[in-house]
Amino acid sequence: MKATVSELKSFPIFTVLSDAELEKLCQQSEVHAYADGEKLIREGEHNPYLFILRQGTVKILSYGVEVARLKDGSLVGEVSTAGLSSPIADVVAVGSVSAIVFPAEVVSSVAIEHDEFGERIRDTAMSRILG
């Protein structure tokens with residue numbers, strides 16, 4: 001299953017993109033389901049994806065300590081997608097989670113073509129890093 005243009009338009013990070021740019025992302029997207037306790041991202045390991053949480057909650061664990069929880073509509077994996085660092089935390093499903101998953105290289109190519117989209121990803125990443 002893939003994301004749709006109308007679905008992506010419901011997430012603020014994507015509102016600056018044209019339908020053609022959104023379609024490019026949709027074509028490369030996949031919707032994944034994660035079970036309780038399953039890791040979407042592992043701290044310090046290569047993460048080749050950007051995630052948008054469709055449904056559910058994830059906890060963010062830094063060195064095994066919970067530092068945050070994110071819910072529907074949240075962006076996850078932006079730190080590594082923005083190229084700022086390898087993942088700085090584990091991201092773990094709390095209950096069932098559904099997420100739209102995008103390959104980082106596709107997100108990066110759209111971000112290069114559309115400066116404001118790239119800025120939004122970098123700004124989100126920096127706010128997570130700086131707390």
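**View A. The second largest pocket of a predicted model.** The second largest pocket holds about 180 Å³ of space. A pocket is an open set of points on a 1 Å grid over the protein atoms alone, where a 1.4 Å probe fits, with protein on both sides within 12 Å along at least five of seven lines. The volume is the space filled by probe spheres set on the points. Its lining has 17 residues, lining residues being those with an atom within 4 Å of a point. Tyr34, Pro48, Tyr49, Phe51 and Val101 lie nearest the centre.

**View B. The ring pair of tyrosine 34 and phenylalanine 51.** Rings of Phe, Tyr and Trp (its six-membered ring) pair if their centres lie within 6.5 Å; planes under 30 degrees apart are stacked, over 60 edge-to-face, and the rest tilted. Here the centres are 6.4 Å apart and the planes at 65 degrees, so the pair is edge-to-face. Tyrosine 34 has a relative accessible area of 11% and phenylalanine 51 has 2%, so both are buried (under 20%).

**View C. The ring pair of phenylalanine 14 and phenylalanine 102.** The centres of these rings are 5.7 Å apart and the planes stand at 55 degrees, so this pair is tilted. Phenylalanine 14 and phenylalanine 102 are both buried. Phe14, Phe102 and Phe117 form one aromatic cluster.

Residues are numbered from 1 along each chain as its sequence is written, and side-chain values use heavy atoms, without hydrogens and water. In this predicted model, local features need pLDDT of at least 70 and side-chain atom pairs count only at pLDDT 80 or more, while totals for chains, interfaces and linings use all residues.

How values were computed. Buried means under 20% relative accessible area, exposed over 50%, partly exposed in between (1.4 Å probe, protein chains only).
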